[in-house]
Amino acid sequence: MISDDMFQHAAGGYGGQGTLCGSLGACSSLINLVTFDNKNTHNIMISDLINWYASYNHPTDEFDAIVHFPGQKRVVPASPLCHISVSTWAVANNVKIASYERKDRCAKVAGKVAMQTVTMLNAYADGKWAPVAPGVSEKTGTCLACHGPAGDHNQQGQMECGLCHTQTEDHAG
């Protein structure tokens, strides 16, 4: 039995650090438990979940009947990072990060990520799972040609490069 508190540390992007969205980390752990094999299925599915999250218009309105702040403006985060996802949403909704309205948003996001994970795992169990999220953008793919693991710059990652880097920075040296 898994403790209800097992993933409490994931709140706020792991210990409040704003790194990976905690719901992604928790659900990735569950995907790993269910699908780990010698074909890398777990990593392929986790990558799809992360790409889905980054391209999804959060928060869903599916939980509006049970939250304090229904009808929140939805925002595509373009990143799996907590600080980018939450900050982008907070700016669009003109709310403070420490507000209860933001906590409602994150609860809805966590619920939707859990639903997406269950949908993926059910399809996997039925032998029908296929990726649903877009892969890396054309711009990021171009960056990864040189800056990825096979390129000269020996970097790792598939997140949208333009969120943090400008073309000038990327090619400065």
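Let me begin with a term: a residue is called buried under 20% relative accessible area, exposed over 50%, and partly exposed in between. What you have in front of you is a predicted model.

First, the overall layout. The protein has six helices and zero strands. Read from the N terminus, the order of elements is α-α-α-α-α-α. There are 173 residues, and 39% of them count as buried. As for contacts with a separation of 6 or more, 53% of them come from residues 24 or more positions apart.

Now the charged pairs. Side chains of opposite charge can pair when their charged atoms come close. How many salt bridges does the count come to? The count is two salt bridges.

One of them joins the side chains of Lys112 and Glu62, at 2.8 Å from N to O. Lys112 is in helix α4, which covers residues 100–125, while Glu62 is in the loop between α2 (41–55) and α3 (82–93), so this pair ties together parts that lie 50 residues apart in sequence. Is each partner buried or exposed, or something in between? Lys112 has a relative accessible area of 13%, which is under the 20% limit, so Lys112 is buried. Glu62 stands at 42%, between the two limits, and therefore counts as partly exposed.

The other salt bridge is between the side chains of Asp64 and Lys108, at 3.0 Å from N to O. This pair also links distant parts of the chain: Asp64 sits in the loop between α2 and α3, Lys108 sits in helix α4, and they are 44 residues apart. Here both Asp64 and Lys108 are buried.

That brings me to helix packing. Two packed helices are described by the angle between their axes and the distance between the axes. For α3 and α4, the angle is about 125 degrees and the axes are 11 Å apart. An angle of that size falls outside the parallel, antiparallel and perpendicular ranges, so α3 and α4 are oblique to each other. Their crossing is right-handed.

Which residues make the contact between α3 and α4? From α3 the contact uses Ser85, Val86 and Trp89. From α4 it uses Glu101, Arg102, Arg105 and Cys106. Sorted by class, the contact of α3 with α4 holds three nonpolar residues, one polar residue and three charged residues.

To recap helix α4: Lys112 of this helix pairs with Glu62, Lys108 of this helix pairs with Asp64, and α4 packs with α3 at about 125 degrees.

Notes
Residues numbered from 1 in each chain as written. Predicted model: local features only at pLDDT ≥ 70, side-chain atom pairs only at ≥ 80, totals over all residues. Heavy atoms only, no water. Salt bridge = Lys/Arg side-chain N within 4 Å of Asp/Glu carboxyl O. Helix = DSSP H or I, 4+ residues; strand = E, 2+ residues; numbered from the N terminus. Buried < 20%, exposed > 50% of the residue type's maximum accessible area, 1.4 Å probe, protein only. Axes fitted to C-alpha atoms, helices over the stretch in contact; angles between N-to-C directions. Parallel < 35°, antiparallel > 145°, perpendicular 65-115°, else oblique. Left-handed = near helix turned anticlockwise from the far one by under 90°. Contact = heavy atoms within 4.5 Å. Nonpolar A, V, L, I, M, F, W, Y, C, P; charged D, E, K, R; others polar.
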